[in-house]
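Hello,

Here is the structure I said I would pass on. Please have it open as you read; my notes follow below.

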Amino acid sequence: MLKPYTVLDFTDERGELGPMLLGDLGADVIRVELPGGSSARQQAPLLEDTDDDLRSLQFIAFNRNKRSIVLDPSEPDDLQALKGLIGRADFIFESAPADTLHTYGIGFEEARALNDRIVYIHISAFGDDGPRAHFRANDLILAAMGGPVSLQGEGDRPPIRLSVPQVWRHVGAECAAGALVAHAKMLRSGQAQYVDLSAQCVMTWTMLNAMDAHAIQGFDFPRGGSGVAGITIVQPTADGHVVALPTSDVVTACLPWMLEEGVGDENLKDIDWEEFDLNMANPEYEGFNILDSTALIQQFFANHSKDELFHYGLEHNATIAPVNTLDELLALDHMEIRDYWEEQTLPNGKTVRSPGHWSKPSTGKPSIRRQAPRLNEHRDEILAELTTDRLSQNYPEPDDALPFQGIKVTDFAWVGVGPISSKYLADHGADVVRVESANRPDVLRGNGPFKDAEPGIDRSQFYGDFNTSKRSISLDMKLPEAIEIAKKLIVESDVMIESFAPGAITRMGLGYEEVSKLNPGLIMISTCLMGQTGPAAGLAGYGYHAAAMAGFYEVTGWRDRAPTGPWIAYTDTIAPRFVSSLLAAALDHRRRTGEGCYIDVAQIETALHFLGPELLDLQANGNSVHRIGNRSRFFAPQGCYPCAGDDRWCAVSVEAEEEWQSLATVIGQPGWIETYPDHASRLADHDTIDEVISAWTQGRDPYEVMETLQAAGVPAGVVQRSSDLLEDPQYEHRNFYRYHTHTEMGYIPYAGHQYRIQGYDNGPRGPAPGLGQHSYEVLTEKLEFNEDDIADAYVSGAIN
């Protein structure tokens, strides 16, 4: 899809996934390194018993489809070669605070002088400027200050992050999507583009419905533990845990097996399950209620293995997702049958499996053309290419419109991944029509936060944040008249997105084989938990089911307790970043070739890239990661420490020796510098260190703790809730929250974009729509129905 483009990668471990994703989509990615190589080559986990420049398993995981060249800033010939590369490139990616390109005396202005169409992506913790831009930060600090830590963990212990570093992986995926928006803006403006990406903003988007909850409902969400909306979803089994909602579909599907084993009694057959579902959120309901159903399935599940329950659920249409370990993921036959894993040979000769293709397009398939490069491996061929003419690009005439202005999208998706992905296009100018139904509204419309804590179909900001800048038409898709209207929308569209269970869209008569006849240039994306094919394709569920399947529950929580899992639907925070890049790449491919395509995206296949280094570590070194609270396998101390106030915490995360020395001095423990001279000694006595740090923080305001430690050069950050984020001076500086007037909720904030593009005030262009708010407008303005056609649409019930 991106074969004509060249990417120069100056990232370190912060953001390196982004250029890789563009490489997966066909771009030529050149990793430019200083003598000695990028610090990314030294990042843990490491291949044991070797000092090879490919010993970093993280580097191996996130640097395939790249070439490497070393350029010495003290060598005039190398500087000239660098200028030549910039002149031929389309994208530059750079991470702060290393700012490798600046070592060569080049920043955006110099790059733009060399190439007036360059797209320059700058990645940093808090953004280029602002009151906290200078703060020291790492994975725990950014997860705390971005917000997700405030939502995770049980109330009797500190709030927690995922025990596997995630921040820079989210950042990498998001910077790829941001780069392609900027590229589309470059095509419209004819000018170079500069993208300023904030890792803190990226992490706020992993809060999902909690990003602006306080402003909407008047209070912050409490930590969720292992539940969703107060309902326990992590259930113990004979050999571990599964994620399963104790709802009627799960209970009734398991009921014959339960009764056969003597769990429950025949009276369960007489329960009014429709009434049960209506009262599910009310634990005080006097009939058989959610507490009863939870106890029932837990009694039953305790007698069976995860695998038994998973396969029984597949056979009986009940969503029971195993909390997989990494070993179990590697053995999952579904991934094998979908040909997902990529086999590669490590420097020590061991053959391992790594996450492979993250989409299955009908054209321009992602390809793994080469594994991670050795240092300077491709110097000769890259320098030789500088002596040849580069193929000229076919740029359109500039019109200075919005990046995706003129693109038309029909969005049949619901819940998280699909709507967030189409929002990516809508916020940047595309005309996105959200196809909904009053008979079966998007489940997010029924979930909080609700305006003023009063439920209503048009009062949910869970729905709102994912559907900005769109129009809504309400169709009863069970009626043939509605299907005909849907087909007319598709004929007028450039993109179609759907996230139904596999096969459902085809049964409606809207599968790709059918719609491509109506619109050969259409780009159609189908996204679901497990993909359109394979033995587990029928697993219908939500992002928390996928997060359990993909291994994220296993690495979230405390070792001595059941997994708590990330906040709500974690894979819904990962997959849209991949799908957004796919959409932009497919649109650019169609601009150049006229070709449409069909793309199958399995959310689990995107998410597994966020555990790529750990999957390699398991196979190469035998290290299996598990949940360890806020601690790191490699650095200490790291944790969230109690402060003055109700459930107030400050994260402290030491990774460098000078940070440790400063921390020890500030909290009045200078003797620790000699007592605990390295990470190994600190990891061994982490509990003692934590007790002393907690005693120091406990009576202090969390922001005082943060400011005091940051001033001393120690990474520290308040565990911020939505109420804090809405007043965060860094977010005010970046104009992160954008206010729009909603048809029912009034003037309210919407979470903004995770990057700023210089000279372009990018953000949500308008509020989310009310259900069916634009039905008449879409029929008249977009489809040009006459009055008789409109009357027929309403009388038939097609518009509902």
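Start with a charge over a ring. Lys 185 lies over the face of Tyr 760, 5.6 Å from the ring centre. A second case involves Arg 445, whose charged end sits over the ring of Tyr 463 at 3.7 Å from its centre. Keep in mind throughout that this is a predicted model.

**The seven-strand sheet**

One open sheet has seven strands with mixed pairing. Their order is S3-S2-S1-S4-S5-S6-S26. Strand S3 (66-70) and strand S26 (755-757) stand at the edges. Each has a single partner strand, so one side of each is left without a neighbour in the sheet. From one strand to the next, the twist averages 20 degrees.

Strand S1 (residues 6-10) pairs with strand S2 (residues 28-33). The sense is parallel, over four bridges. Asp 9 has Arg 31 in S2 as its bridge partner.

S2 also pairs with S3, again in the parallel sense, over five bridges. Here Glu 33 has Val 70 in S3 as its bridge partner. The connection is a right-handed β-α-β unit made by S2, helix H2 (residues 57-62) and S3.

Is edge strand S3 covered or open? It is mostly covered: five of its five residues are buried. In a regular strand, side chains alternate between the two faces of the sheet. In S3, Lys 66, Ser 68 and Val 70 point one way. Arg 67 and Ile 69 point the other way. All of these are buried, the two Arg and Lys residues included.

**Around strand S16**

Strand S16 (residues 431-436) is mostly covered, with five of its six residues buried. S16 has parallel pairings with two strands, S15 and S17.

Take strand S15 (residues 408-411) first. S15 and S16 pair over four bridges. Thr 410 stands opposite Val 433 in S16. The chain crosses from S15 through helix H17 (residues 417-427) to S16. That β-α-β crossover is right-handed.

Now strand S17 (residues 471-474). Four bridges join S17 to S16. Val 435 stands opposite Ile 473 in S17. S16, helix H18 (residues 461-466) and S17 make a right-handed β-α-β unit. Tyr 463, the residue under the charged end of Arg 445, falls within the residue range of H18.

**Aromatic rings**

The count comes to 30 aromatic pairs. One of them is formed by Tyr 512 and Tyr 598. The ring centres are 5.4 Å apart, with 35 degrees between the planes, and the pair is tilted. It links distant parts of the chain. Tyr 512 is in helix H21 (residues 512-518), and Tyr 598 is in strand S20 (residues 597-602). The two are 86 residues apart.

Are the two tyrosines buried or partly exposed? They fall on either side of the 20% cut-off for buried. Tyr 512 has 23% relative accessibility, so it counts as partly exposed. Tyr 598 has a relative accessible area of 18%, so it is buried.

There is also an aromatic cluster. Trp 257, Phe 300, Phe 301 and Tyr 312 form it.

**Cysteines**

How many disulfides are there? The count comes to zero. A disulfide is a covalent bond between the sulfur atoms of two cysteines. Why does Cys 201 not form one? The closest cysteine sulfur, in Cys 175, is 14 Å from the sulfur of Cys 201, which is too far for a bond. The cut-off is 2.5 Å. Cys 201 is buried, with a relative accessible area of 0%. Cys 254 is also buried, with a relative accessible area of 0%.

**A loop serine**

Where is Ser 499? Ser 499 is found in the loop between strand S18 (495-498) and helix H20 (504-507). Ser 499 is buried, with a relative accessible area of 13%. Ser 499 and Leu 583 are 84 residues apart along the chain. Their C-alpha atoms are separated by 15 Å.

Best wishes

Methods: Residues are numbered from 1 along each chain as its sequence is written. This is a predicted model: local features need pLDDT of at least 70, side-chain atom pairs count only at pLDDT 80 or more; totals for chains, interfaces and linings use all residues. Side-chain values use heavy atoms; hydrogens and water are left out. Buried means under 20% relative accessible area, exposed over 50%, partly exposed in between (1.4 Å probe, protein chains only). Two strands pair if DSSP finds at least two bridges between them. A crossover is right-handed if, with the strands pointing away from the viewer, the path from the first strand over the helix to the second runs clockwise. Rings of Phe, Tyr and Trp (its six-membered ring) pair if their centres lie within 6.5 Å; planes under 30 degrees apart count as stacked, over 60 as edge-to-face and the rest as tilted. A charge sits over a ring if NZ of Lys or CZ of Arg is within 6 Å of the ring centre and within 35 degrees of the ring normal. Axes are lines fitted to C-alpha atoms, for helices over the stretch in contact, and angles run from 0 to 180 degrees between N-to-C directions.
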